[in-house]
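Here is a walk through one protein chain and the two DNA strands beside it. Have the model open and follow along.

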Amino acid sequence: MTEQLRNKVTKIHTRLLEVYGEPQWRVNTEPLGELINTVLSQNTNDRNRDKAYAQLRQRFPTWEEVRDAPAEDVLEAIRPAGLAPSKGPRIQSILQRITAERGTLGLEFLSTMPLEDARKWLLSLNGVGPKTAAIVLLFSLGRPAFPVDTHIHRVSKRLGLIPKRTSREKAHVLLEELVPSAHYYTFHINVIEHGRAICAARNPKCDRCTLNDLCDYYQEKQK
DNA sequence: GCCCAGGTGGGTA
DNA sequence: TACCCACATGGG
């Protein structure tokens with residue numbers, strides 16, 4: 001069964017590459033910046049996240065300044081991202097925690113830890129769940145973690161890669177076993193790209209979903 | 001006005 | 001474990 005699913009993943013991966021191509025590796029930042037950026041991105045859109053992150057960096061050029069700033073000032077800077085009253089204190093508490101534990105503000109130490117230890121450490125931070133931890137590990141540290149966001153979760157279920165009832169947390173575990181780690185990044189980016197197409201396809205008027213042979217939703221619609 | 005966007009944590013059964 | 005909900009902003 002698992003072997004069948006792996007074959008299916010390979011087929012989907014290949015098809016996604018045909019349709020969406022090889023994504024460019026996101027130019028990024030040191031892991032701490034990636035972490036803060038990802039916290040800001042939670043349950044918001046890219047534009048609002050970018051605006052909040054830019055305002056935060058402009059107002060407080062160093063992480064030390066963010067850490068030591070009055071809570072209200074941080075909150076004001078990141079307001080465009082939404083959920084600021086939650087995200088502001090979480091960001092500051094993350095910075096304080098790193099300072100207390102490491103003496104210096106950076107996450108480079110995670111790159112030499114065993115993967116699961118690094119993941120556990122990230123998950124122990126308030127405001128960091130499985131998705132945020134995986135983003136930092138994969139995008140910024142180049143480690144084999146597979147981030148499951150709302151699109152990946154929905155599309156994976158729809159394509160039958162994971163059972164319909166699978167929680168997002170469980171989906172991380174299942175998909176990390178199913179997808180070859182060398183393809184994590186490309187698969188992640190392209191499934192999201194496809195997920196956006198499917199989102200649009202939920203609108204009956206939309207004809208942008210081009211993966212007819214892979215999309216259960218689309219197939220059901222054809223019947 | 002209404003809906004949604006690349007989640008997380010807390011509460012309940 | 002598995003769901004449910006609050007949390008806030010900006011753009012279509």
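## An all-helix chain on DNA

Chain A has 12 helices and 0 strands. This is a predicted model, so a word on confidence comes early. Mean pLDDT for chain A is 88, with 87% of its residues at 70 or more. Helix H4 (residues 63–68) has the highest confidence at 97, and helix H12 (residues 216–222) the lowest, at a mean of 50. Another stretch to treat with care is residues 203–209, where pLDDT stays under 50 and the model has 10 contacts beyond four places in sequence.

Of the 223 residues in chain A, 31% are buried. Among its contacts with a separation of 6 or more, 60% are between residues 24 or more positions apart.

## Two domains and a core

The domain assignment splits chain A into domain 1 (2–24 + 147–216) and domain 2 (31–140). Taken over C-alpha atoms, their centres are 27 Å apart. How many residues are in contact across the two domains? On the domain 1 side there are 8, and they meet 5 residues of domain 2. Helix H10 (168–178) and H11 are the elements that give two or more residues to that side of domain 1, and H10 gives the most, with 3 residues. By class, the domain 1 side has 4 nonpolar, 1 polar and 3 charged residues.

Now for the inside. The largest nonpolar core has 44 residues, and those with the most contacts inside it are Leu40, Ile78, Ile91, Val136, Phe146 and Leu175. H8 is the top contributor to this core, with 6 residues. Both domains take part: the core draws at least three residues from each of domain 1 and domain 2. That sits alongside a general habit: in soluble globular proteins, nonpolar side chains tend to be buried together.

Take Leu175 as an example from that list. Leaving out residues up to four places away in sequence, leucine 175 touches Phe146, Val148, Ser156, Leu161 and Ile162. Phe146 is also one of the residues with the most contacts inside the core, and Ser156 is one of the buried residues of H9, along with Ile152, His153 and Val155.

## Helix H2, tucked away

Why can helix H2 (residues 31–41) be called largely enclosed by the rest of the structure? Because 9 of its 11 residues are buried. They are Pro31, Glu34, Leu35, Ile36, Asn37, Thr38, Val39, Leu40 and Ser41. The buried residues of H2 pack against helix H3 (46–59), helix H5 (71–78), helix H6 (84–102) and H8. Leu40, mentioned above, is among the residues with the most contacts inside the core.

Just past the end of H2 comes asparagine 43, with a positive phi of about 50°. Asparagine 43 sits in the loop between H2 and H3. With 10 C-beta neighbours inside 10 Å, asparagine 43 counts as exposed.

## Meeting the DNA

Each DNA strand has its own set of surrounding residues, laid out here.

| DNA strand | Residues around it | Closest residues |
|---|---|---|
| Strand B | 22 residues | Gln42, Gly129, Lys131, Thr132 and Thr150 |
| Strand C | 15 residues | Arg79, Pro80, Gly82, Leu83 and Pro85 |

For strand B, the elements giving two or more residues to the nearby surface are helix H8 (130–140), helix H9 (150–158) and helix H11 (184–201). H8 has the largest share, 4 residues. This surface divides into 7 nonpolar, 12 polar and 3 charged residues. So what does H8 do besides facing the core? H8 gives the most residues to the nonpolar core and also the largest share of the surface near strand B.

Strand C draws on other parts of the chain. H3 and H6 are the elements that give two or more residues to the surface near it, and H6 has the largest share, 3 residues. By class, that surface has 4 nonpolar, 7 polar and 4 charged residues.

One of the closest residues to strand C is Leu83, and its backbone is worth a look. Leucine 83 is not a glycine, yet it has a positive phi of about 55°. Leucine 83 lies in the loop between H5 and H6, and with 16 C-beta neighbours inside 10 Å it counts as partly exposed.

Technical notes: Residues are numbered from 1 along each chain as its sequence is written. Chains are lettered from A and ligands numbered from 1 in the order in which they are written. This is a predicted model: local features need pLDDT of at least 70, side-chain atom pairs count only at pLDDT 80 or more; totals for chains, interfaces and linings use all residues. A residue is near a molecule or strand if its C-beta atom, placed from the backbone, lies within 6 Å of it. Ala, Val, Leu, Ile, Met, Phe, Trp, Tyr, Cys and Pro count as nonpolar, Asp, Glu, Lys and Arg as charged, and the others, Gly among them, as polar. A residue is buried if 20 or more other C-beta atoms lie within 10 Å of its own, exposed if 12 or fewer, and partly exposed in between; C-beta atoms are placed from the backbone. Two residues are in contact if their C-beta atoms, placed from the backbone, lie within 7 Å. pLDDT is the predictor's confidence in each residue, from 0 to 100. A nonpolar core is a set of buried Ala, Val, Leu, Ile, Met, Phe, Trp, Tyr and Cys residues joined through C-beta atoms within 7 Å. Domain bounds come from an automatic or database domain assignment.
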